[in-house]
Amino acid sequence: MAGLHNSEFANPVVRWIDQRMPVFTMMQKEYGTFPTPRNFNYFWNFGALAMINLVIMIATGIFLAMNYTAHTSLAFDSVERIMRDVNYGWLIRYVHMNGASMFFIVVLVHVWRGMYYGSYKAPRELLWMLGVVIYLLMMATAFMGYVLPWGQMSFWGATVITNLFSAIPLVGNSIVTLLWGGFSVDNPTLNRFFSLHYLLPFVIVGVVFLHVAALHITGSNNPLGIEPKGPQDTLPFHPYYTVKDSVGIVVYLMVFAVLVFFAPNYLGHPDNYIPANPLSTPAHIVPEWYFLPFYAILRAVPDKLMGVLAMFGSILLLFVLPWLDGSKVRSMRFRPIAKWLFLLWTVNFFVLMWAGGKPAEGVYVLISRLATAYYFAYFLVLLPLLGKIERPLPLPESISRPVLRGGGPLPGAATAQPMEKA
Amino acid sequence: MALRFVKTAALAAAISLSAAMSMGAARAAEGEVHIPPAGFSFSGALGTYDRAELQRGFQIYKEVCSACHSMHLLSYRNLRDIGLSEAEVAAVAASVQIQDGPNDNGEMFERPGRASDRFRSPFANPAAARAANNGALPPDLSVITKARNGGADYIHALLIGYAEPPAGLTLAEGMHYNQYFPGHQIAMAPPLSQDGQLTFGDGTNATVDRMSRDVSAFLNWAAEPELETRRAMGVRVLIFLAILGGLTYAVKRKVWADVH
């Protein structure tokens, strides 16, 4: 029939819809037969995990919002009311609270994987940059979410972080007033943070859609960092990667469950169970753990404005990472020097995280400064330099060669073998 | 593939472990004093509350702590959870006068408490509490064990931690020396100072340590009344996920068998 999509589906209802709006064809193409490199390791689970985590956060968040009151005199008690009087409110809240930490764990591993295997390099630069946008949106969302229970760390964290913007010359103080909705962190701040905390996750959903759309143009990178050369190098996404992702999802849920059911407050700070008090500053104002590395960079720089620039710069640098790294070789497996410098960068990231949780005094300042220096040196000096001087190891001819060890049967025949060996 | 999986899992574990350790270190830096673990029935991942202990703890709160400390997030009806009968809860609630109103004449009035009322606070507002306590504000105890490093262990240590100040330390006026309080100078006078300070209904010997333990356990229940339900659900969830994980991994091996 003219004007109708040529559907391959047999089920009459599915077919009727698909002819008029080919969503089933699209799903089949993008998630069914989508050709995916056959050599993914389990690090490639983390994109799917992040997607699931986002859904969990939105689902629990909607139910929390039904019972939360965004007012400075009621917020703290309304959260505790959720814990006590709302049916399974404690579960919903602990899932949401620990879900934020799980989200950052999953996304940090996802980003790390992208950096190790060079997923940011051409042609996936835009895909990578959209990912950095998601990361920034996540940090903004998490920060505002942490303010909502209106405990001591909520209040003082909000005060410290919003005050950072006052370092901007000329307009800084006006920006801070705008963020606060007044002249201190108060009820208008809480109200707008609640509104934005509800809005931003849906913006994240939008950018995630673009991220996935871009991914489906370029296709996935893989541990070897070489492009698939033909059907012998790929597998249909379903069932191979749907089932492999499912394994990862169950493991992820187990870690999540251990946190929620047995250590729900382990990653939080006890001070946030003290209602916010503008007249009493906590001894140490510590942000949530996922902000600690950047907090360390902020405090490592003696000048306030430069510190703020360094902190934001440390993340904004990721936008230009595809152009800072001059090497054509994607996977660190074939980069003998860069590999070790990047693993050192990884350790360095944890050093920054550790230092960020310490008071800014004595030896901790020195350690923060050294770690900050290496953080930036890796991106701004080492990576550009290595592109010129490093001799990469020889790349494999194709994906199917090293996977089918010792030559093996030729590509294409592999999938036709009987299902026997493990 | 299995080896790959183990490697990835080990790496993920190492990453989370080092993250956890750096956070633990950050927390340890804040409190200089080591808090001795009290070995509560609910310590440990699968521990549960001891109902008799909670009831004794409530008695201590009612007879001692509640003179200064509010617990405004709890209602009398919540006491059903620690094993009080409906009649007992009604009696506890009725023993206090609650301000209600306004009535049809626009006047506030006092009436006996009901099970649905929140625990009555000892002071009308924080300013009144400070005025009666040498300028110090007795904190609300509803979530106190979640709001302090060390939780119930810390509360127990604090209650038994009063001592003579070390030589050379002059306490500020109206302050007391406590080994476990940050800064060691606490405004609260020793609330549980002698054995047999009160008589437990169940005949338990009311030593200072026993009373400190019981009230700490009660406060932990008040902060986390869902603890037992949560842990029981956690065990079932993990068992379910372990089975599901095994099955999923088996399916994965089967599906991938023809690829390698």
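No salt bridges (0 by the rule) are found across the interface of domain 1 of chain B and domain 2 of chain B, a salt bridge being a side-chain nitrogen of Lys or Arg within 4 Å of a carboxyl oxygen of Asp or Glu. The count of residue pairs in polar contact across this interface, with both at pLDDT 80 or more, is likewise 0; a polar contact is a pair of N or O atoms within 3.5 Å, and within protein one must be able to donate a hydrogen and the other to accept it, with residues adjacent in sequence counted only if both atoms are side-chain atoms. On the side of domain 1 of chain B that touches domain 2 of chain B there are 7 nonpolar, 3 polar and 1 charged residues (Asp, Glu, Lys and Arg count as charged; Ala, Val, Leu, Ile, Met, Phe, Trp, Tyr, Cys and Pro as nonpolar; the others, Gly among them, as polar).

The model is predicted, with local features requiring pLDDT of at least 70 and side-chain atom pairs pLDDT 80 or more, whereas totals for chains, interfaces and linings use all residues. Residues are numbered from 1 along each chain, chains are lettered from A, and side-chain values use heavy atoms.

Domain 1 of chain B spans 65-135 and domain 2 spans 143-247, with bounds from an automatic or database domain assignment. Their centres, taken over C-alpha atoms, are separated by 23 Å. The two domains bury about 670 Å² between them, 77% of it on carbon and sulfur atoms; buried area is the accessible area (1.4 Å probe) lost on putting two parts together, summed over both.
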